[in-house]
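Here are my notes for someone opening this entry for the very first time. Have the viewer ready and go through the points in order.

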Amino acid sequence: MAGEARLQEKTPAMAWGMLAVIYFASFMAPITQFKVPPLASWLIPEYGIDAVTFGYLMSGLSIIGVILAFPAAFICRRFGLKKTMIISVAALALGSLISALANSVAVLMIARMVEGIGIGLIGVAAPSCVSVWFPDKTRGLALGIWATWVPVGVTVMFNIAPSMAMSFGWHSVLWICFALCAIALVVFALAYRVPSKEKEDALAVTGSMSEAFKLLKNNSIWILGITFFVFNFLQLGVINSFYNTFLETERGMDPAIAASLTSVTTILSIFTVSGAGVISDRTKTGHRRYWLMACYALFIVAFLLAWNTGEGADATMWGFILVCAIAGGLGGGITRPMAPIIMGDSPAGAVMGMGVLQFFQNLGAAVGAPLFGLGIETLGWSTASNTILIPLCVIAFIASFFLSTRFRKGTPPLEEQAK
């Protein structure tokens with residue numbers, strides 16, 4: 001009866017406006033994170049760095065995100081969702097300011113770590129801010145729309161950053177990021193509010209850290225986390241970090257064209273990830289694993305097409321872009337709505353579940369960029385892909401299958417299991 005009541009709960013009219021405010025604030029994270037890859041042609045000679053060090057510029061902020069993934073749930077509890085989001089965007093603004101003023105790769109790395117604080121917090125706080133406004137019947141759609149924050153941010157940066165760098169100098173991109181973060185900070189602080197203190201408190205993680213971790217005595221949330229690690233390793237650590245560099249160095253493309261072509265995957269995934277949110281709402285819980293299995297099967301196909309520089313290179317490039325767009329949409333749009341269900345429809349468990357996903361998201365990005373950069377340096381593009389990326393896809397494909405055994409109707413909320 002309680003489940004039926006949740007399904008019939010109406011979505012507040014103001015919820016969609018709040019989603020827009022949350023989305024704008026969240027959007028600052030990917031534009032800050034992915035301002036670096038499209039500037040590779042300027043940053044690498046400016047600082048005299050190799051592919052591995054460049055990978056660390058991408059992973060530096062993700063490492064902080066890994067560290068903050070679980071404490072973020074307690075920070076949300078201590079300061080509330082709104083204040084946590086404000087802290088997040090403020091950290092992004094500060095990091096962008098430091099990076100704009102940086103005169104060495106060391107200072108730039110410090111800036112990336114400050115930005116990592118914002119990304120680490122926002123990945124837990126933002127979906128929680130969405131969840132308090134939307135009932136079960138529309139939450140998958142709302143989170144699916146919110147999940148486009150990364151592809152939209154990547155698309156914007158990959159298309160405007162090279163042109164701005166060529167016209168106004170590469171520092172102009174960093175100053176624009178700072179200005180946008182400052183605007184988003186003011187807009188969110190003035191416009192966002194929670195629907196009620198009771199709904200915010202329902203998402204609170206109470207008690208000590210050790211008590212809260214009892215909510216994670218569920219193998220399935222960790223299996224889902226492993227698949228999300230692979231997804232972000234591939235998407236954030238490899239495709240969004242290095243594919244434009246491949247097109248520049250191996251295909252001889254102009255930096256602006258290479259960045260724009262890379263962004264096509266994210267432009268298309270904006271639509272596929274929203275569609276995946278709708279699919280999530282309309283698919284039986286136990287069947288959602290098949291969509292994740294399809295995601296990683298498609299990634300295998302994509303990476304078999306990705307690194308061709310010979311005959312038919314243009315055709316395989318477009319095949320890679322289109323397949324990645326579909327795979328990226330499925331991985332991004334299906335995974336997050338699964339976390340609350342895996343955690344027994346428990347609000348506090350859902351926040352901890354989001355913490356698990358945020359942990360693995362940042363871990364995937366942190367490990368992916370430098371490891372694949374090292375693979376490029378030592379093995380070359382194709383061999384690194386065949387020995388690193390495709391085996392990871394196989395692991396995620398198999399792990400997705402075993403999610404089904406964890407979806408048992410009538411499973412009590414994990415707070416009750418922990419007692």
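1. Let's begin with one side chain: which residues does Gln235 touch, not counting residues up to four places away in sequence? The contacts are Asn240, Phe299 and Gly328. Gln235 sits in helix H13, and with a relative accessible area of 10% it is buried. Keep in mind while looking that this is a predicted model.

2. Now step back to the whole chain. You are looking at 19 helices and zero strands. Of the 419 residues, 58% are buried. If you take the contacts with a separation of 6 or more, 85% of them come from residues 24 or more positions apart.

3. Back to Phe299, which we met as a contact of Gln235. Leaving out residues up to four places away in sequence, Phe299 touches Phe231, Leu234, Gln235 and Ile239, and also Cys324, Ala327, Gly328 and Cys393. Phe299 is also one of the residues with the most contacts inside the largest nonpolar core, along with Tyr192, Phe303 and Trp307. That core has 134 residues, and helix H13 supplies the largest share of them, 16 residues.

4. Have a look at the aromatic rings next. There are 24 aromatic pairs in the structure. A good one to inspect is Phe246 with Trp307, an edge-to-face pair with 5.1 Å centre to centre and 80° between the planes. Phe246 belongs to helix H13 (residues 219-249), while Trp307 is in the loop between helix H15 (288-305) and helix H16 (313-342), so this pair ties together parts that are 61 residues apart in sequence.

5. Are the two partners of that pair buried or exposed? Phe246 has 1% relative accessibility, so it counts as buried. Trp307 is buried as well, because its relative accessible area of 8% falls under the 20% cut-off.

6. The pair is part of a bigger picture. Ring pairs link Phe246 and Trp307 into a cluster with Phe228, Phe231, Phe242, Tyr243, Tyr296, Phe299, Phe303, Phe320, Phe372 and Trp381. Phe299 and Phe303 are worth highlighting here, since you have already seen them, with Trp307, among the residues with the most contacts inside the core.

7. On to the empty space. Searching the whole structure turns up three cavities of 30 Å³ or more. The largest has a volume of about 240 Å³. It is lined by 19 residues, and those closest to its centre are Ala147, Val150, Pro151, Phe231 and Gly332. Two or more lining residues come from each of helix H9 (149-168), H13, helix H14 (255-282) and H16.

8. Which helix gives the most to the lining of the largest cavity? That is H13, with six residues. By class, this lining has nine nonpolar, nine polar and one charged residues. Phe231 is a handy landmark: it is one of the residues closest to the cavity centre, it belongs to the ring cluster, and it touches Phe299.

9. Finally, compare the second largest cavity, which holds about 50 Å³ of space. Its lining is made of Lys35, Val36, Leu39, Leu43, Ser99, Leu108, Trp170 and Leu174. Sorted by class, that gives six nonpolar, one polar and one charged residues.

Methods:
Residues numbered from 1 in each chain as written. Predicted model: local features only at pLDDT ≥ 70, side-chain atom pairs only at ≥ 80, totals over all residues. Heavy atoms only, no water. Phe/Tyr/Trp six-rings, centres within 6.5 Å; stacked < 30°, edge-to-face > 60°. Helix = DSSP H or I, 4+ residues; strand = E, 2+ residues; numbered from the N terminus. Buried < 20%, exposed > 50% of the residue type's maximum accessible area, 1.4 Å probe, protein only. 1 Å grid on protein atoms, 1.4 Å probe; cavity = no way out; pocket = protein on both sides within 12 Å on 5 of 7 lines; lining within 4 Å. Points joined across faces, edges and corners; volume = space filled by probe spheres on them. Nonpolar A, V, L, I, M, F, W, Y, C, P; charged D, E, K, R; others polar. Core = buried A, V, L, I, M, F, W, Y, C linked by side-chain atoms within 4.5 Å. Contact = heavy atoms within 4.5 Å.
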